[in-house]
Number of protein chains: 2
Amino acid sequence: MAVWGERLAGVRGVLLDISGVLFDSCEGGGVPIPGSVEAVARLKQSQLKVRFCTNESQKSRGKLVGLLQRLGFDISEGEVTSPAPAACQILKERGLRPHLLVHDDILSEFDKIDTSNPNCVLIADAGDAFSYKNMNKAFQVLMELENPVLISLGKGRYYKETLGLMLDVGAYMKALEYACGVEAEVVGKPSPEFFKNALQVLGVEAHQSLLNFL
Amino acid sequence: MAVWGERLAGVRGVLLDISGVLFDSCEGGGVPIPGSVEAVARLKQSQLKVRFCTNESQKSRGKLVGLLQRLGFDISEGEVTSPAPAACQILKERGLRPHLLVHDDILSEFDKIDTSNPNCVLIADAGDAFSYKNMNKAFQVLMELENPVLISLGKGRYYKETLGLMLDVGAYMKALEYACGVEAEVVGKPSPEFFKNALQVLGVEAHQSLLNFL
């Protein structure tokens, strides 16, 4: 406890991962990791500022928060930093019109993005939508661009579901990188910008924060 | 011509690629590349020994040769070196029982291979069979092995069909390599063993041979 006391001295904010830290997802829902509902409640009752950072890109923030609330977590949409909104900001700033290879459930996050005549490809954890046909289309779009831009929401190798380990977006990012000879731009963990943005919202400096991530 | 004459001095054998060199494949068949039918005929009438080397792994050798014959090529199954038979030899030598992620049309090449209780994964250009579900299964098999072995029939980035460029097995090999933290063993081009084997069948040394490949 003394060691923890020293480590926590000066800590003002906590960034918490969601999938695999708060809960394990499974077909149609999820299961809280024992103790996590109580841990979040205690953190939020403390003096510490709390924010949730996730690379979850199979669900919109709204759907993810709805699920967490049903599982008993005290959490609201405004407390979550996720890659899709961060990506939308980048797309707008750089005039990029993405060909989207994403899960249907996060398409709504890109409602206000121009996707006509694409000049980049954006991929996220698309699950079953990672068909050969869809991957080939993304590949062809990239190969037709003079300056191919590939944006990946995260670069995870795999994640855990109650049924077992599942391939994550990083594997498909590598496939397209190799086929097209490009390097993807990663939005989300572990990009430093992603964490900085979350801390900025909290108003906490990096040295005053604690991260709890898989 | 003088330069070619010098280059060809001492050449006794020719290795020819098939897809993209003799013909471009397309849905349901293929189109000969202009002049290639005649070029093969002339080579076979010459003093040179000819062998065909292909990474084609969407069709068995029998089906591929049948197609080429219909397109007008003078070619027989025994003249073709392809990765599936080479892989079968490796599997038998090392007591490997593969989980197969391959196109249905080459499953017959593995008829005599024990695929029960897999202790490796073998992938080839599986086309539409590269679904998320099938990729995830291959990934899970690898992750459950103490010493994961991934064998890939070729490592091509893409190939050309009449309709456009298509993702090749190399992209999916990279996806599994990244997700599982393994390095694939490549059987087929550009593995030196593959070319050596083809030359051995011809009875020609490497310095006496000419390669015509994409």
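Two strands are taken to pair if DSSP finds at least two bridges between them. With that in mind, a good place to begin in this predicted model is a sheet in chain B. Here 4 strands, in the order 5-4-1-12, form an open sheet with parallel pairing. Strand 5 (80-81) and strand 12 (209-212) of chain B each have a single partner strand and stand at the edges, so one side of each is left without a neighbour in the sheet. Strand 5 of chain B runs parallel to strand 4 (residues 49-53) of chain B, and 2 bridges join them. Across this pairing, Cys53(B) stands opposite Thr81(B) of strand 5.

Turning to the two chains together, a turn of 180° and a shift of 0.0 Å along the axis lay chain A on chain B with an RMSD of 0.0 Å. The two copies are thus related as by a two-fold rotation axis. The same surface serves both of them, as 100% of the contact residues of chain A recur in chain B.

The contact itself draws on 28 residues from chain A and 28 residues from chain B. Between them the chains bury about 2500 Å², with 65% of it on carbon and sulfur atoms. On the side of chain A, Tyr132(A), Leu167(A) and Tyr178(A) lose the most area to chain B, together 34% of what that side buries. The interface counts 0 salt bridges, while 12 residue pairs are found in polar contact across it. Helix 5 (132-144), strand 9 (158-161), strand 10 (164-167) and helix 6 (169-180) of chain A each give two or more residues to the side that touches chain B. Helix 6 of chain A gives the most, with 8 residues. By class, this side of chain A has 16 nonpolar, 7 polar and 5 charged residues.

Methods: Residues are numbered from 1 along each chain as its sequence is written. Chains are lettered from A and ligands numbered from 1 in the order in which they are written. This is a predicted model: local features need pLDDT of at least 70, side-chain atom pairs count only at pLDDT 80 or more; totals for chains, interfaces and linings use all residues. Side-chain values use heavy atoms; hydrogens and water are left out. Copies are superposed by least squares on the C-alpha atoms of residues with pLDDT of at least 70 in both. Contact means heavy atoms within 4.5 Å. Buried area is the accessible area (1.4 Å probe) that two parts lose on being put together, summed over both. A salt bridge is a side-chain nitrogen of Lys or Arg within 4 Å of a carboxyl oxygen of Asp or Glu. A polar contact is a pair of N or O atoms within 3.5 Å; within protein, one must be able to donate a hydrogen and the other to accept it, and residues adjacent in sequence count only if both atoms are side-chain atoms. Ala, Val, Leu, Ile, Met, Phe, Trp, Tyr, Cys and Pro count as nonpolar, Asp, Glu, Lys and Arg as charged, and the others, Gly among them, as polar.
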